[in-house]
Amino acid sequence: RLLHALLLALPGSPVLYYGDEIGMGDNIWLNDRDGVRTPMQWDASASAGFSDGHPGNYPYPLVDSHLYGPHAVNVAQQQGDPLSLLMWLHHLLIVRREHPAFGLGDFTDLGGPHGVFSFTRAYEDQTLICFNNLTATRQVAVVDLGHLAGSQPEPIWGDVQPGPIGPEPYRVTLSPHGFAWLL
């Protein structure tokens with residue numbers, strides 16, 4: 001989820017490859033890029049809902065893994081689970097679309113402590129502040145937001161309760177591999 005958040009917040013056109021939205025695994029034993037060309041896992045059936053044909057006739061085999069195979073990871077299962085990666089990513093894309101600064105904004109690296117990647121995206125009258133904890137431990141991001149002093153950020157995604165920005169360094173506590181988007 002952190003990597004999806006980074007992909008959607010950083011400059012450039014985000015690209016989600018086939019299956020990324022459900023956390024579908026790749027078959028690393030296939031040649032070259034064929035490992036990412038396996039049939040989409042639509043459901044938990046023997047054919048993964050990909051075709052009425054026999055899976056042995058598919059150009060590439062289904063992912064055969066107890067962690068990433070169609071019985072464990074598929075669209076039908078995740079569409080019915082509001083906490084699934086598919087539904088989470090669906091909502092994150094809606095939030096991104098509502099804030100033009102993600103797609104059009106200038107990027108400014110804010111620095112911060114080791115393991116925390118913090119930056120702003122600014123477009124017209126909208127400034128987004130993005131905090132990303134790249135570590136497996138709780139981190140406190142401390143950044144200089146003096147140029148935004150006097151404003152009160154609103155959380156648009158993440159589990160932080162931001163305080164007002166003043167002239168002193170700004171602090172946000174992030175959970176392990178957590179991120180926050182503030183407006």
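**A helix and its aromatic neighbours**

Helix H3 runs from residue 85 to residue 97, and at 1.5 Å a residue its 13 residues should span 18 Å, which agrees with the 18 Å between its end C-alpha atoms. The model is a predicted one, and every value here is computed from it.

Which residues of H3 are buried? They are Leu85, Leu86, Trp88, Leu89, Leu92, Val95 and Arg96. In reading such a list it helps to remember that an α-helix has 3.6 residues a turn, so residues three or four places apart point the same way. The cover over the buried residues of H3 includes helix H1 (2–9), helix H2 (75–79) and helix H4 (101–104), together with strand E5 (155–157) and strand E7 (179–182).

One of the buried residues of H3, Trp88, also belongs to an aromatic cluster, which it forms with Phe102, Trp157, Phe179 and Trp181.

Across the whole structure, a search finds 8 aromatic pairs. Among them is the pair of Phe107 and Phe117, which is tilted, with 6.4 Å from centre to centre and 50° between the planes. This pair links distant parts of the chain, since Phe107 lies in strand E1 (residues 106–111) and Phe117 lies in strand E2 (residues 116–123), 10 residues apart. Phe107 is partly exposed, with a relative accessible area of 32%, and Phe117 is likewise partly exposed, with a value of 24%. Phe117 also pairs with Phe119: the ring centres are 5.0 Å apart and the planes stand at 50°, so this pair is tilted. Phe119, for its part, is buried, with a relative accessible area of 0%.

Definitions and conventions
Residues are numbered from 1 along each chain as its sequence is written. This is a predicted model: local features need pLDDT of at least 70, side-chain atom pairs count only at pLDDT 80 or more; totals for chains, interfaces and linings use all residues. Side-chain values use heavy atoms; hydrogens and water are left out. Rings of Phe, Tyr and Trp (its six-membered ring) pair if their centres lie within 6.5 Å; planes under 30 degrees apart count as stacked, over 60 as edge-to-face and the rest as tilted. Helices (H or I, at least four residues) and strands (E, at least two) are DSSP runs, numbered from the N terminus. Buried means under 20% relative accessible area, exposed over 50%, partly exposed in between (1.4 Å probe, protein chains only). The expected span of a helix is 1.5 Å times one less than its number of residues. Contact means heavy atoms within 4.5 Å.
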